[in-house]
Number of protein chains: 2
Amino acid sequence: MKKNPEYGVLRAEYLQGCSVEVALNIIGGKWKGMILYTLLDGTKRFNELRQIIPGITQRMLTLQLRELEDCGIVQRVVYPEVPPRVEYSLTEFGQTIKPVILQIREWGSSYKKAMGGHLKQSNSN
Amino acid sequence: MKKNPEYGVLRAEYLQGCSVEVALNIIGGKWKGMILYTLLDGTKRFNELRQIIPGITQRMLTLQLRELEDCGIVQRVVYPEVPPRVEYSLTEFGQTIKPVILQIREWGSSYKKAMGGHLKQSNSN
DNA sequence: CGGAATCCGCCCTGATACTG
DNA sequence: CAGTATCAGGGCGGATTCCG
């Protein structure tokens, strides 16, 4: 999901595959979920996102935001100021992903609870 | 999520990160979603999965199933027959992922509907 | 039938430096 | 502040071969 150099254009590849694949192409990946989860909270500036999401590099944040923008999920607004200010937020359609992300989070939480005690201490070998 | 050579052991890395990341580590990736979606339907044999999931290679199916097994989401049952028969199914806890996958599919479906008409024909340039 | 093992290319990702 | 440019490495994933 990262070959077309033309930004701001919904690419056909985002619509390939069954519905499950289409959705996971958008919210899957290493950073997309966290970015979207962060944006559920409301509009965020670039460096805000960088601080909230642990471990993400500037490059990756930029690239992933571009893809989400291309998907029509995230909106990017540039304010012509000095120093520049860029704000990211969910688009109107992007808002519809909120219950999905929240349910994913809930399941992840229950998974941690269920599996937290099952960690083998055999890695002390 | 693919370095530990010891199978059948829940690895700590599956529990790292916030709940959203934990969940997406399990259902994200290129094939996991489709595999889980297929298994929602019930127990499947190895080659059944291979036929149902378009484009997956034997290697990838094996690797992804192993990871899902390590996560405690998928159960692998080997029948000592000739020729061998191996059946995969969701574990009891794995069943809890069903509403998540279904909601992901639903969102993907609405995404296709919403964006299907927005494809730029500008690639005819 | 259901794998395991090996080889290998590509691209994803990180690190670093530079810019408007 | 919010990027872009460039380079380098590692691992993801495909193709192929072999096995019980």
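This is a short talk on a predicted model of two protein chains, A and B, and DNA strand C.

Some ground rules. Residues are numbered from 1 along each chain as its sequence is written, and chains are lettered from A, and ligands numbered from 1, in the order in which they are written. Because the model is predicted, local features need pLDDT of at least 70 and side-chain atom pairs count only at pLDDT 80 or more, while totals for chains, interfaces and linings use all residues; side-chain values use heavy atoms, with hydrogens and water left out.

Let's start with the two chains. How many residues of chain B are in contact with chain A? The count is 45 residues of chain B, and they touch 45 residues of chain A. Contact here means heavy atoms within 4.5 Å.

Next, the area. The size of an interface is often given as the accessible area lost when the parts come together. Between chain B and chain A, about 4100 Å² is buried. That is the accessible area (1.4 Å probe) that the two parts lose on being put together, summed over both. Carbon and sulfur atoms give 74% of it.

Which parts of chain B do the touching? Helix 1 (19-27), helix 2 (32-39) and helix 5 (98-115) each supply at least two residues of the side that touches chain A. Helix 5 of chain B gives the most, with 13 residues. A word on terms: helices (H or I, at least four residues) and strands (E, at least two) are DSSP runs, numbered from the N terminus. By class, this side of chain B has 26 nonpolar, 13 polar and 6 charged residues. Nonpolar covers Ala, Val, Leu, Ile, Met, Phe, Trp, Tyr, Cys and Pro; charged covers Asp, Glu, Lys and Arg; the others, Gly among them, are polar.

How many salt bridges cross this interface? The rule finds 0 between chain B and chain A. A salt bridge is a side-chain nitrogen of Lys or Arg within 4 Å of a carboxyl oxygen of Asp or Glu.

Over all chains, though, the structure holds 10 salt bridges. Take A:E67 and A:K32, with their closest N and O atoms 3.2 Å apart. This pair links distant parts of the chain: A:E67 sits in helix 4 and A:K32 in helix 2 (residues 32-40), 35 residues apart. Buried or exposed? A:E67 is buried, at 4% relative accessible area. A:K32 is buried too, at 5%. The cut-offs: buried is under 20%, exposed over 50%, partly exposed in between (1.4 Å probe, protein chains only).

Now A:K44 and A:D41. Their salt bridge has its closest N and O atoms 3.1 Å apart. A:K44 is buried, at 8%, but A:D41 is exposed, at 62%. Elsewhere in chain A, a network of salt bridges links A:E81, A:R85 and A:E87.

On to the DNA. Around DNA strand C there are 19 residues, and those that come nearest are A:R59, A:M60, B:Q58, B:R76 and B:Y88. A residue is near the strand if one of its heavy atoms lies within 4 Å of it. Helix 4 of chain B gives the most to this surface, with 4 residues.

What do the side chains reach? For B:R76, a polar side-chain atom lies 2.6 Å from a phosphate oxygen of strand C. For B:R45, the distance to a phosphate oxygen is 2.9 Å. A:R59 has a polar side-chain atom 3.4 Å from a base oxygen. Of the strand C atoms within 4 Å of the protein, 61% belong to sugar or phosphate, and the rest to bases.

Methods. A polar contact is a pair of N or O atoms within 3.5 Å; within protein, one must be able to donate a hydrogen and the other to accept it, and residues adjacent in sequence count only if both atoms are side-chain atoms.
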